[in-house]
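Here are a few exercises to work through with the structure open beside you. Try each task before reading its solution.

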Amino acid sequence: MPRVLSESDVADFRERLCDAAERLFAERGPDAVTMRQLAAELGVSPMTPYRYFQDKEDILAAVRANAFTRFAEAMEAARSTHGGRSSADVGDAYLRFAFEHPHMYKLMFDLNQPHEGDYPDLVEAAKRARATMTGWVEDRIASGKMQGDPEQIGLMYWASAHGAVVLELAGKIPHGAAREIHHALDTTLAKGLKPGA
């Protein structure tokens, strides 16, 4: 008779599967993440992962959701610590996360992932990250240091940070250039978005 698994057992095994998927993606790319390979990594039968996830995409969506949550937490901590005084604080947290976890960052923004809407946890985690990217803008608008639509301004910062990170990760710009670009853009955008500027 199969062992009855507790919620804790299920959560633990799901976490181990996600860790293995993240590791395989980092070491060998997305094609290496298969249900069979994940089972082999964990020393279980090839059918075991299907008891916890529908398929490979379901596992990768869970890994992405976890990554977006950690990403949001890093930026929220920067915003909380510095009271939203500067986008540089949040931007530095963004860049630090991307360069300390490059494989996770690449997986989060992989262009070949399936429709995000099929995975509610991933949708929520990505929304949280986006809200965090614009939260500091709302702080600055409330204090009169900036004006405009916080969603649009937040997207401008996100697009610039992401572009600089991807260029540096791809070796198209020198090491450290993403930080310089982001700080220069931060200064330029802040000047142009001040009331009366």
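A pocket here is an open set of grid points, on a 1 Å grid over the protein atoms alone, where a 1.4 Å probe fits and protein lies on both sides within 12 Å along at least five of seven lines. Its volume is the space filled by probe spheres set on those points. Keep in mind that the model is predicted.

**Exercise 1.** Find how much space lies in the second largest pocket, and describe its lining.

Solution. Start with the volume: the second largest pocket holds about 190 Å³ of space. Next, list the lining, which is made up of Phe25, Tyr105, Lys106, Phe109, Asp110, Leu111, His162, Val166, Leu169 and Ala170. Two elements, α5 (102-108) and α7 (150-169), give two or more residues each to this lining. Of the contributors, α7 gives the most, with three residues. Finally, sort by class: seven residues of the lining are nonpolar, one is polar and two are charged.

**Exercise 2.** Do the same for the largest pocket, and work out which helix supplies the largest share of its lining.

Solution. The volume of the largest pocket is about 270 Å³. Its lining has 16 residues, and Arg14, Phe53, Ala61, Ala62 and Asp121 are the closest to the centre. At least two lining residues come from each of α1 (7-28), α3 (56-82) and α6 (120-142). The largest share, six residues, belongs to α3. By class, the lining splits into nine nonpolar, six charged and one polar.

**Exercise 3.** Decide whether Arg64 is buried or exposed, and list its contacts beyond its sequence neighbours.

Solution. First locate the residue: Arg64 is in helix α3. Then apply the cut-off, which is under 20% relative accessible area for a buried residue. Arg64 has 2% relative accessibility, so the residue counts as buried. Setting aside neighbours within four places in sequence, the contacts of Arg64 are Leu107, Met108, Asp110, Gln113, Pro114 and Leu122.

**Exercise 4.** Check the span of α6 against its number of residues, then look for a bend.

Solution. The expected span is 1.5 Å times one less than the number of residues. With 23 residues, α6 should therefore span 33 Å, and its end C-alpha atoms are 31 Å apart, which agrees. Now follow the axis: α6 bends by about 30 degrees at Thr134. Thr134 is also one of the buried residues of α6, others including Met133, Gly135 and Trp136. Past the helix, α6 is followed by Gly144, which has a positive phi, near 80 degrees.

Conventions:
Residues numbered from 1 in each chain as written. Predicted model: local features only at pLDDT ≥ 70, side-chain atom pairs only at ≥ 80, totals over all residues. Heavy atoms only, no water. 1 Å grid on protein atoms, 1.4 Å probe; cavity = no way out; pocket = protein on both sides within 12 Å on 5 of 7 lines; lining within 4 Å. Helix = DSSP H or I, 4+ residues; strand = E, 2+ residues; numbered from the N terminus. Nonpolar A, V, L, I, M, F, W, Y, C, P; charged D, E, K, R; others polar. Bend = angle between axes of the 7 residues up to and from the residue. Buried < 20%, exposed > 50% of the residue type's maximum accessible area, 1.4 Å probe, protein only. Contact = heavy atoms within 4.5 Å.
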